[in-house]
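Subject: Structure handover

Hello,

Please find below the structure you asked about, followed by my notes on the ligand site and the salt bridges.

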Amino acid sequence: MIERHNTLHGSGLRVSIVAARFNDAIVRELVYGAHDMLMRLGVGDDDIDLTWVPGAFELPMVAKLRAGSGVDAVICLGAVIRGATPHFDYVCSQAASGIAAAGIDTGVPVIFGVLTTDTIDQAVERAGTKSGNKGSDAALAAVEMAGLITQG
Ligand code: INI
């Protein structure tokens, strides 16, 4: 069996982060986690750029733009919290399907680092407290996927 693994080397990779400002107290922690993990994996600070968009709904458009700009991976970060309205479902489904399409259309890994939770507490738990940091996880996935794509 030929099994394909990718060792996690970030040196030389160029990575874009696209972050949604909505719920920014939480999203800033995701950005921190992603940036920290990228640096720990060897990505150069000058090879990381960050673009803020208004909300998770807007992530796909800018993610696709950044993916087409020559970077090796794009990390989308956001926090969609249910609250009492059906808005949640529209924002989540647009963000998820748009982010997937941005990756498939461009051939550049576009990573879904968007929290979708019922409560603010659940989001805080996933943004650097007791359940880890979804931004760090997204950065790991970005470096792994960039390596796989580069290997062909
Ligand atoms: N955007 C988010 O990123 N998170 C949310 O929880 C959220 N809620 O709950 O409404 C949200 N809405 C804004 C949306 O993403 C767009 O920015 C807005 O609709 C303008 O297109």
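β3 supplies the largest share of the shell around the ligand, 3 residues. Please keep in mind that this is a predicted model. The full set of residues around the ligand is F22, N23, G55, A56, F57, E58, A79, V80, I81, H87 and V91. Sorted by class, that shell holds 7 nonpolar, 3 polar and 1 charged residues.

As for location, the ligand sits in the largest pocket. Two elements give two or more residues each to the shell: β3, which spans 73-81, and α3, which spans 87-106.

Which backbone atoms lie opposite the oxygen and nitrogen atoms of the ligand? These are the distances:

- A56: a polar backbone atom is 2.8 Å from an oxygen atom of the ligand.
- F57: a polar backbone atom is 3.1 Å from an oxygen atom of the ligand.
- A79: a polar backbone atom is 2.8 Å from a nitrogen atom of the ligand.

On its own the ligand has 460 Å² of accessible area, and the protein covers 76% of that.

Now the salt bridges. Side chains of opposite charge can pair when their charged atoms come close. Searching the whole structure gives 9 salt bridges. One of them joins the side chains of D72 and R14, with an N to O distance of 3.9 Å. D72 is in the loop between α2 (59-67) and β3, while R14 is in the segment before β1 (15-20), so this pair ties together parts that are 58 residues apart in sequence.

Regards

Technical notes: Residues numbered from 1 in each chain as written. Predicted model: local features only at pLDDT ≥ 70, side-chain atom pairs only at ≥ 80, totals over all residues. Heavy atoms only, no water. Near = heavy atom within 4 Å. Polar contact = N/O pair within 3.5 Å; in protein donor to acceptor, adjacent residues only side chain to side chain. Areas by Shrake-Rupley, 256 points an atom, 1.4 Å probe, with all protein chains shown as cover. 1 Å grid on protein atoms, 1.4 Å probe; cavity = no way out; pocket = protein on both sides within 12 Å on 5 of 7 lines; lining within 4 Å. Sits in = over half its atoms within 2 Å of the grid points. Helix = DSSP H or I, 4+ residues; strand = E, 2+ residues; numbered from the N terminus. Nonpolar A, V, L, I, M, F, W, Y, C, P; charged D, E, K, R; others polar. Salt bridge = Lys/Arg side-chain N within 4 Å of Asp/Glu carboxyl O.
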